[in-house]
Amino acid sequence: MKVFINKRIPDNGIQILKEGNLEIIFPENENPSHEEWLENCKKADIILSVGKSKYDKEFFATCPNVKAIALFSVGFDQVDIAEATKRKIPIGNTPDVLSRATSDVAFLLMQMVSRRASYNIDKVKSGNWNEFDALEELGQELYGKTLGVLGLGRIGFEMAEKCKSAFGMNIIYHNRNHNEEAEKELGAKYVSFDELVETSDVISIHANFTPEQSDIFNKSTFEKMKPNLIFVNTARGGFHNEKDLFEALISGQIWGAGLDVTNPEPMQKDSPLLELSNVCVLPHIGSATLEARSGMSKLASENVVAFAKGEKMPTCVNPEVYN
Ligand code: DGY
């Protein structure tokens, strides 16, 4: 079987594919055009997909030879899952192995924003480290505050656990389902979306993105938040409306924002958000650790090999294709 890998991945994954006796197609150059990418997809039985290539109805119709896709990500919003399922195409993802790394980044952003760290780093770099001033650039402490988690799955659980043990934070969450483990172990309380928005001191998003959730953090949501709210998004930029977020930040409706994801990505360097002292933006590095990326490489390649052997993918987002 032929597997097309659209971008480079850590060697451990390549090794697994080679041991699985798969024919590997690599892109001819580092920045292939959409047409070059599509030509390679057409030749492949399986795609190991790194990054944000979209797999929609049109894609599946254009590439009828593609029988499986192993994503190099936990998120699967780039795939039309209903269409893939209809066509009996399994879609693999890479859960768990990046939960620690991604929640570390959410935890980091929360703290950076609470102490306006990016702004203060820039001050030092630009030679503006001024005399001590007891009233200047005061941060806020996180002890005993309330963390509201939107999407309390594996990554959200890790974030909640860190916040609870480091700062004794109270955990509230909104999810499709109750997370009994988090309720038992962290005393997490299930609340409505509105209650999460209105009562949290920090909101951290860890949900899977779907088109229905586009811009759910918008003008009217920001208006309901507490003025000390720290907004953290390490999930997908589509959850928040950047213009409305900017307005909420400059008008003091909320305290600050820490973003590892933006809309679009990469963020434009002249984005007005980058001018604000209460914002910290990272370039989507949630899973960017040696450990997480090698775990992702292993899982994605194992999904490919399992499919090629006629077995179920170990981590499949649409297991109903096997029924
Ligand atoms: C994921 O795994 O979904 C990440 O956002 C990709 O780095």
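Student: In this predicted model, about how much area do domain 1 and domain 2 bury between them, in Å²?
Tutor: The two parts are defined by the domain assignment, which gives domain 1 as 2-97 + 290-322 and domain 2 as 99-281. Of the area that domain 1 and domain 2 bury between them, 44% is on carbon and sulfur atoms, and the total buried area is about 700 Å².

Student: Which three residues supply 57% of the area that domain 1 buries against domain 2?
Tutor: On the side of domain 1 that touches domain 2, the residues divide into five nonpolar, one polar and three charged. The three residues that supply 57% of the area buried by domain 1, more than any other three residues, are Lys-52, Asp-77 and Asp-96.

Student: With which residue does Asp-77 form a salt bridge?
Tutor: Across the interface of domain 1 and domain 2, two salt bridges are found, and the count of residue pairs in polar contact between these domains is four. In the salt bridge of Asp-77 the closest N and O atoms are 2.9 Å apart, which is within the 4 Å cut-off. The partner of Asp-77 in this salt bridge is Arg-236.

Student: How many disulfides does a search of the whole structure find?
Tutor: A disulfide needs two cysteine sulfur atoms within 2.5 Å, and for Cys-63 the nearest cysteine sulfur, that of Cys-41, is 5.3 Å away, so Cys-63 is in no disulfide. Cys-280 is likewise in no disulfide, since its nearest cysteine sulfur, that of Cys-163, is 15 Å away. The search of the whole structure gives a number of disulfides equal to zero.

Student: Is Cys-280 buried or exposed?
Tutor: A residue counts as buried when its relative accessible area is under 20%, and by this cut-off Cys-63, at 1% relative accessibility, is buried. Cys-280 has a relative accessible area of 4%, and therefore Cys-280 is buried.

Technical notes
Residues are numbered from 1 along each chain as its sequence is written. This is a predicted model: local features need pLDDT of at least 70, side-chain atom pairs count only at pLDDT 80 or more; totals for chains, interfaces and linings use all residues. Side-chain values use heavy atoms; hydrogens and water are left out. Buried means under 20% relative accessible area, exposed over 50%, partly exposed in between (1.4 Å probe, protein chains only). Domain bounds come from an automatic or database domain assignment. Buried area is the accessible area (1.4 Å probe) that two parts lose on being put together, summed over both. A salt bridge is a side-chain nitrogen of Lys or Arg within 4 Å of a carboxyl oxygen of Asp or Glu. A polar contact is a pair of N or O atoms within 3.5 Å; within protein, one must be able to donate a hydrogen and the other to accept it, and residues adjacent in sequence count only if both atoms are side-chain atoms. Ala, Val, Leu, Ile, Met, Phe, Trp, Tyr, Cys and Pro count as nonpolar, Asp, Glu, Lys and Arg as charged, and the others, Gly among them, as polar.
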